[in-house]
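Trainee: Could you take me on a close look at one part of this protein, the second largest pocket? I'd like to know what lines it, and then how the largest cavity is lined.

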Amino acid sequence: MWSGGGPTVVMAEAVRGASGWWDDVNNSEVWQDRIFHTLAVLFGVVSAVALIQLVRIELRVPEYGWTTQKVFHFLNFLVNGVRSIVFVFRRYVQQIKPEILQHILLDMPGLAFFTTYALLVLFWAEIYYQARAVSTDGLRPTFLMINLVVYAIQLLMWVLLWWKPIRIMLILSKVFFAGVSLFAALGFLLYGGRLFLMLQRFPVESKGRRKKLQEVGYVTTICFTCFLIRCIMMCFNAFDKAADLDVLNHPILNFLYYLLVEIIPSALVLFILRKLPPKRGITQYHPIH
C-alpha cells in the first residue's frame, strides 16, 4: 500500500539532521576550539605572506621609505596577525572583564582592515586624478580625516557602551560598523570603476594595459563584494541574536564570516598585487608615495 508523504518525511528528517549537526558543532567546546584555531592558522598564514612580501619589497627598493605599497602590506601583516592571536585565545578573550575590552579586541582589527583597504582607494583616486591633470593635494588629508572621524566615532561608541552597557548601544556600534563597510564598498565601486573605465580607453597596444585592467577589475570586484557582505552581515549581527559573531557558540558563523570578508579577500588581493617593483638599474621605479 502506498504511504503518503514519504519524500516529505525524508526531507524533514534530513533538515532535522542538518539542524542537529549545526547545533552539535556550535555547542561543542571541542569544535569551537577547532574552528577558532583553524581561523587563527588561516589568519596567521595571510599575515606571514604579507610580511614576506613587505620584506621582499624593502629589499628590492629600500631607498624609497614607507611607500603606500609598503604600508599596505605592513597593515595586512598587522591586522591578520592580531586576528590570529585573538582567535588563538578566543575562549580567554570571552572571559575578559570589563566586557568593553572584548568588543575592542574583536572590533579594532575590523577598523584597521578598513584603513588598510581604503589605502587602495586612495591610491586609485590619485592615479585617476593625476591622469586627468586634476590636483591630488587634498586626497591624503581627506583620507586621514575620514579615518580620524571613523576612529573617533567608534571610540565614542566604546566609551558609551562601557558607561552604559545596554543593547541599544551595542546595536548602534554594529550599525555604525556596517555603515563604514558600505562606505568602503562604495569607494571601491566609485574609484575602482572610474580607473577601470579610464584604462579601457587607453590604446590596445599600451604596454601593461591589459594586465593593469585585470588587476583593477579583480581587486575592485573582490573588495566591493567583501565590504558589502560585511555590511549585510553586521546588520544581521546587530538585530538578530542568531547571527551574533561575538559569542563562542556561533563558531561556524564566525568561520564563514571571517573567511568571506577578510581571509579570502586578503589572500586574493595579496596574490593579485604580488608583483615587485623593478630592480634598480633595469628600469626607473616610480614609488607609490
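Mentor: Sure, let's start with the character of the walls. In this predicted model, the lining of the second largest pocket splits into 13 nonpolar residues, 3 polar ones and no charged ones. That lining is made of 16 residues, and those nearest the pocket's centre are Val121, Phe143, Ile146, Phe183 and Tyr191. Picture them around a space of about 310 Å³, which is the volume of this second largest pocket.

Now, where do the walls come from? Helices α5, α6 (139-163) and α7 each put in at least two residues of the pocket's lining. The largest share comes from α7, with 6 residues.

Next, the cavity. The structure has 1 cavity of 30 Å³ or more, and the space in the largest cavity comes to about 140 Å³. Its lining counts 14 residues, with Leu106, Asp107, Phe177, Met234 and Tyr258 lying nearest the centre. Two or more lining residues come from each of α5 (100-131), α7 (167-200), α8 (209-239) and α9 (251-272). As you follow the chain, then, you'll meet α5 and α7 in the cavity's lining, and you'll find α5 and α7 in the pocket's lining too.

Finally, look at the chemistry of the cavity. Its lining divides into 6 nonpolar, 3 polar and 5 charged residues, while the pocket's lining holds 13 nonpolar, 3 polar and no charged residues.

Technical notes:
Residues are numbered from 1 along each chain as its sequence is written. This is a predicted model: local features need pLDDT of at least 70, side-chain atom pairs count only at pLDDT 80 or more; totals for chains, interfaces and linings use all residues. Side-chain values use heavy atoms; hydrogens and water are left out. On a 1 Å grid over the protein atoms alone, a cavity is a set of points where a 1.4 Å probe fits but cannot get out, and a pocket is an open set with protein on both sides within 12 Å along at least five of seven lines; lining residues have an atom within 4 Å of a point. Grid points are joined across faces, edges and corners, and a volume is the space filled by probe spheres set on the points. Helices (H or I, at least four residues) and strands (E, at least two) are DSSP runs, numbered from the N terminus. Ala, Val, Leu, Ile, Met, Phe, Trp, Tyr, Cys and Pro count as nonpolar, Asp, Glu, Lys and Arg as charged, and the others, Gly among them, as polar.
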